[in-house]
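Here's a quick briefing to read alongside the model. Have the sequence and the 3D view open while you go through it.

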Amino acid sequence: MNVKNIFGENLRHYRKLRNITQEELSERLGITPTHLSRIENGKSFVTADLLDSLCVIFRISPASFFYTPQEFKGDDSLFAKFDLIIDEELRKLGISLKERVRI
């Protein structure tokens, strides 16, 4: 397996993990859905700027896109749980702050 295929499979994995369509992600990245599809299928590769944008969107390090499933020892479902917990706590904090300001 070559680096473009590994990258593409990982990109597809993280996109689906976040329930983002190719159309939504390509719009956020400023590329066409066809270009994104070619990246996910290992036919094209990302630029450094595009890689940086993907890392910001998915909140992961660049290295995360280059591990094969056999090499990756972490459990990204655990990281997804952390993200959900953090998002929920931030939502609760926002509600609490709004309530305190209204008093």
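In what order do the elements of the protein chain run from the N terminus on? They go α-α-α-α-α, and the tally for the chain is 5 helices and 0 strands. Keep in mind that this is a predicted model.

**The chain overall**

- The protein chain has 103 residues, and 29% of them count as buried.
- Take the contacts between residues at least 6 apart in sequence: 61% of these join residues at least 24 apart.

**Helix α2**

- Leu25, Ser26 and Leu29 are the residues to look for in α2 if you want buried ones.
- Looking down the axis of α2, you'll find its buried residues within an arc of 100°, so they line one face of the helix.
- Flip to the other side of α2 and you get Glu27 and Arg28, which are exposed.
- The cover over the buried residues of α2 includes α1, α3 and α4.
- Right after α2 comes Gly30, with a positive phi of about 75°.

**Helix α3**

- Helix α3 spans residues 33-40, and its buried residues are Leu36, Ile39 and Glu40.
- These buried residues sit on the same side of α3, because they cover an arc of only 95° around the axis.
- Among the elements covering them are α1 (3-17), α2 (22-29) and α4 (48-58).
- α3 is followed by Gly42, which has a positive phi, near 75°.

**How α1 meets α3**

- The axes of α1 and α3 come within 7 Å of each other and cross at roughly 120°.
- That crossing angle is above the 65 to 115 range for roughly perpendicular and not over 145, where roughly antiparallel starts, so α1 and α3 count as oblique to each other.
- On the α1 side, the contact is made by Lys4, Phe7, Gly8, Glu9, Leu11, Arg12 and Arg15; α3 brings in Leu36, Ile39 and Glu40.
- Sorted by type, the residues of this α1 and α3 contact come out as 4 nonpolar, 1 polar and 5 charged.

**Arg15, a charged residue to click on**

- Is Arg15 buried or exposed? Arg15 has a relative accessible area of 7%, so it is buried.
- Arg15 belongs to helix α1.
- Leaving out residues up to four places away in sequence, Arg15 touches Ile20, Thr21, Gln22, Leu25, Leu36, Glu40 and Phe58.
- One of those partners, Leu25, is 10 residues from Arg15 in sequence and 7.8 Å from it in space, C-alpha to C-alpha.

**Aromatic pairs**

- The structure holds 7 aromatic pairs.
- Tyr14 and Phe65 make an edge-to-face pair, because their ring planes are at 75°, with the centres 5.8 Å apart.
- This pair links distant parts of the chain: Tyr14 is in helix α1, while Phe65 is in the loop between α4 and α5 (76-102), 51 residues apart.
- Both Tyr14 and Phe65 are buried.
- Phe45 and Phe66 form a tilted pair, at 6.4 Å centre to centre and with 55° between the planes.
- Phe45 comes from the loop between α3 and α4 and Phe66 from the loop between α4 and α5, so their pair ties together parts that are 21 residues apart in sequence.
- Phe45 is partly exposed, because its relative accessibility is 35%.
- Phe66 is also partly exposed, with a relative accessible area of 31%.
- Zoom out a little and you'll see a cluster: ring pairs link Phe7, Tyr14, Phe45, Phe58, Phe65 and Phe66.

**Ser44, in a loop**

- Where is Ser44 placed? Ser44 is in the loop between α3 and α4.
- At 17% relative accessibility Ser44 falls under the 20% cut-off, so Ser44 counts as buried.
- With residues up to four places away in sequence left out, Ser44 touches Lys4, His35, Arg38 and Ile39.

How values were computed: Residues numbered from 1 in each chain as written. Predicted model: local features only at pLDDT ≥ 70, side-chain atom pairs only at ≥ 80, totals over all residues. Heavy atoms only, no water. Buried < 20%, exposed > 50% of the residue type's maximum accessible area, 1.4 Å probe, protein only. Helix = DSSP H or I, 4+ residues; strand = E, 2+ residues; numbered from the N terminus. Arc of directions from axis to C-beta. Contact = heavy atoms within 4.5 Å. Axes fitted to C-alpha atoms, helices over the stretch in contact; angles between N-to-C directions. Parallel < 35°, antiparallel > 145°, perpendicular 65-115°, else oblique. Nonpolar A, V, L, I, M, F, W, Y, C, P; charged D, E, K, R; others polar. Phe/Tyr/Trp six-rings, centres within 6.5 Å; stacked < 30°, edge-to-face > 60°.
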